[in-house]
Amino acid sequence: MKDRLIIFDTTMRDGEQSPGASMTREEKLRIGRQLERMRVDVIEAGFPASSPGDFEAVRAVALAIKDSTVCGLARANDRDISRAAEAVAPAKSSRIHIFIATSPIHMERKLRLTPEQVLTEAVNAARFARRFTDDVEFSPEDAGRSEPDFLCRVLEAVIAEGVKTINIPDTVGYTVPEQFGALIRTLRERIPDSDKVVWSVHCHNDLGLAVANSLAAVMNGARQIECTVNGLGERAGNASLEEVVMAVRTRQDIFPCDTRIDATQIVPASRLVSGITGFPVQPNKAIVGANAFAHEAGIHQDGVLKSRETYEIMRAEDVGWSQNKLVLGKHSGRNAFRQRLKELGIELDSEEAVNAAFVRFKDLADKKHEIFDEDLQALVTDEAHAHDQGERYRLVSLTAHSETGETPYARIVISEDGGEKRAEARGSGPVDASLKAIEIIVNSGAELQLYSVNAITTGTESQGEVTVRLQKGGRIVNGLGADTDIVVASAKAYLSALNKLKSKVERINPQM
Ligand code: KIV
Ligand code: ZN
């Protein structure tokens, strides 16, 4: 029998460190449930000592999740470790993940500690964490740039303290596959009792090599990969969960192990994370990008029609693409709607939320004849945002006018705390005019950092999904809006970002 490759998801911890990707407790719960549904082995739910909000969120995930191990991150000190232990305590299966930097540059310039002091702190932290649980993971941060001899000393010492998983992070995404694979092999060969622990890797994508490095590590004995949905994470992100899982599954002729992931949950997870964080998925992204299974070239289409395997190494439906299947229409009733949400694994928190989503569904069905799974997912994301944040601003109506040779113009009505306000503005296009009109009303002073539009499904009838990133006072938020009219979608996205900026619901890592 093949070995199990453990999938450790850190979307809610490392992924949350992307600009504007901070999540509320409710959002973490929603993502946690989807990860459990996908059969992720370990869910790193956050960094409990970083804020009271993150502590509460990790605790809520620990209470809700039954089939995955719930993990909390901690620096190598007693306070962090106690907070992490307390936060994950309610979980059926829990883990504490401790880390301390071991590279010369991090020890000297960041920690201002000598290697001997780092060694002592690592050992003390491992010993302290073991008082709470026998499932302790240890990471020597920036291992990719650490001296192998020193790494061996530290890792041997923490293994002697009873650490069960040794995770090797390439924190700055500096290594290349052959070198990283060799590092894992060397550590496993040189460290006594290395066979008593699980070897794990955590690769960042600064050189676009995170997945390649992770897979090279697997070929050299690693049996846990730390990764994130859509490759979300600090800077260029982490190894992407969907790419790791599908590479190993598709190339079973090469890999000596496999995961227990339910791959049909990959696309729903990708959409959920993208919707919550406001990070769109690039169309040519492997596995979860809109074009990942699209064959444009005639010669390819011809080949696929004759025999699918000519150009396809995976089946779209195996990773959860619905093939833009028509699921519901204008005449579908509440029960059909509820049933389809259930099949998609979407749980709304209350009957009130189902009713509100159903009203939005009927509005959409009036504009768009065929409603696909992707439309439902966008609609529910919209509704969940509105529900979680209490929605200070809501779009009431929008008129936009553009004509060649004329300056585009928009007139907008929004409700603010129940009262209606209106404004009009001109701009370089109808989107620009609409956002300027909103600003006349709200005068937010926020800086627009990103604006992007994606089609949710195919065809010109498709809904456009707009992402807006706003920055104010060092705080960054992403807003998302979907509509068949992209000017309306843009206004919704802008208002959603403003609602997040104004919301009293704590965003756990607001990147202040
Ligand atoms: O990149 C990194 O080194 C980390 C550690 C905390 C594992 O995220
Ligand atoms: Zn990291």
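# A guided tour, beginning at Arg39

At 39% relative accessibility, Arg39 counts as partly exposed. The structure in the viewer is a predicted model. With Arg39 selected, note its position in the loop between H1 and strand E3 (42-46). Its backbone deserves inspection: phi is positive, about 70°, although Arg39 is not a glycine.

**Stop 1: from Arg39 to strands E3 and E4**

Follow the chain from Arg39 into E3, then display strand E4 (residues 69-75). The two strands, E3 and E4, pair in the parallel sense over 4 bridges. To locate the pairing, select Val42, which stands opposite Thr69 in E4. Is E4 largely enclosed by the rest of the structure, or is it open? Of its 7 residues, 6 are buried, so E4 is largely enclosed by the rest of the structure.

**Stop 2: the zinc ion**

Select ligand 2, the zinc ion. Which protein atoms act as its donors? They are Asp14 (OD), His202 (NE2) and His204 (NE2), lying 2.0 to 2.1 Å from the ion. Along the chain, these donors follow the spacing D-x187-H-x1-H. Asp14 belongs to the loop between strand E2 (6-9) and helix H1 (25-37), and His204 to the loop between strand E8 (198-203) and helix H8 (210-219), so the pair ties together parts that are 190 residues apart in sequence.

Colour the donors by accessibility. Asp14 is buried, with a relative accessible area of 2%. His204 is likewise buried, its relative accessible area being 4%.

**Stop 3: ligand 1 and its shell**

Keep Asp14 selected and add ligand 1. The residues around ligand 1 are Arg13, Asp14, His97, Phe99, Ser139, Glu141, Pro169, Thr171, His202 and His204. Asp14, His202 and His204 are also the protein donors of the zinc ion. By class, the shell around ligand 1 divides into 2 nonpolar, 5 polar and 3 charged residues. Two strands are worth displaying here: E5 (94-101) and E6 (136-141) each supply at least two residues of this shell.

Next, show the distances from the oxygen atoms of ligand 1 to the side chains around it. The following can be labelled in turn:

- Arg13: an N or O atom of its side chain is 2.9 Å from an oxygen atom of ligand 1.
- Asp14: the corresponding distance from a ligand 1 oxygen to a side-chain N or O atom is 3.0 Å.
- Thr171: a side-chain N or O atom is 2.6 Å from an oxygen atom of ligand 1.

How much of the accessible area that ligand 1 has on its own does the protein cover? The protein covers 94% of that 260 Å².

**Stop 4: the loops on either side of E9**

From His204, move along the chain through H8 to Asn220, in the loop between H8 and strand E9 (224-227). Asn220 counts as buried, at 16% relative accessibility. Its side chain makes a polar contact of 2.7 Å with the side chain of Arg185.

Now select Arg235, in the loop between E9 and helix H9 (241-250). Phi of Arg235 is near 50°, a positive value in a residue other than glycine. Is Arg235 buried or partly exposed? At 48% relative accessibility, Arg235 counts as partly exposed.

**Stop 5: Glu403**

Select Glu403, found in the loop between strand E13 (393-401) and strand E14 (409-416). With 45% relative accessibility, Glu403 counts as partly exposed. Its side chain is joined to that of His401 by a polar contact of 3.1 Å. For a sense of scale, add Ala126: Glu403 and Ala126 are 67 Å apart in space, C-alpha to C-alpha, and 277 residues apart in sequence.

**Stop 6: strands E16, E17 and E18**

The tour ends at strand E17 (residues 464-472). Here 8 of the 9 residues are buried, so E17 is largely enclosed by the rest of the structure. Display its partners on either side of it in sequence. Strand E16 (residues 447-455) pairs with E17 in the antiparallel sense over 8 bridges, and Ala455 stands opposite Gly464 in E17. Strand E18 (residues 475-483) pairs with E17, again in the antiparallel sense, over 9 bridges. Select Val466 to find Gly481 in E18 opposite it.

Finally, centre the view on the turn. E17 and E18 form a hairpin with 2 residues between them, and Gly473 in that turn has a positive phi of about 55°. When viewing side chains along these strands, recall that in a regular strand they alternate between the two faces of the sheet.

Conventions:
Residues are numbered from 1 along each chain as its sequence is written. Chains are lettered from A and ligands numbered from 1 in the order in which they are written. This is a predicted model: local features need pLDDT of at least 70, side-chain atom pairs count only at pLDDT 80 or more; totals for chains, interfaces and linings use all residues. Side-chain values use heavy atoms; hydrogens and water are left out. A residue is near a molecule or strand if one of its heavy atoms lies within 4 Å of it. A polar contact is a pair of N or O atoms within 3.5 Å; within protein, one must be able to donate a hydrogen and the other to accept it, and residues adjacent in sequence count only if both atoms are side-chain atoms. Accessible areas come from the Shrake-Rupley method with a 1.4 Å probe; for residues, only the protein chains shown count as cover. Ala, Val, Leu, Ile, Met, Phe, Trp, Tyr, Cys and Pro count as nonpolar, Asp, Glu, Lys and Arg as charged, and the others, Gly among them, as polar. Buried means under 20% relative accessible area, exposed over 50%, partly exposed in between (1.4 Å probe, protein chains only). Two strands pair if DSSP finds at least two bridges between them. Donors are N, O and S atoms within 2.8 Å of the metal (3.2 Å for Na, K and Ca); water is not among the atoms, so sites may look incomplete.
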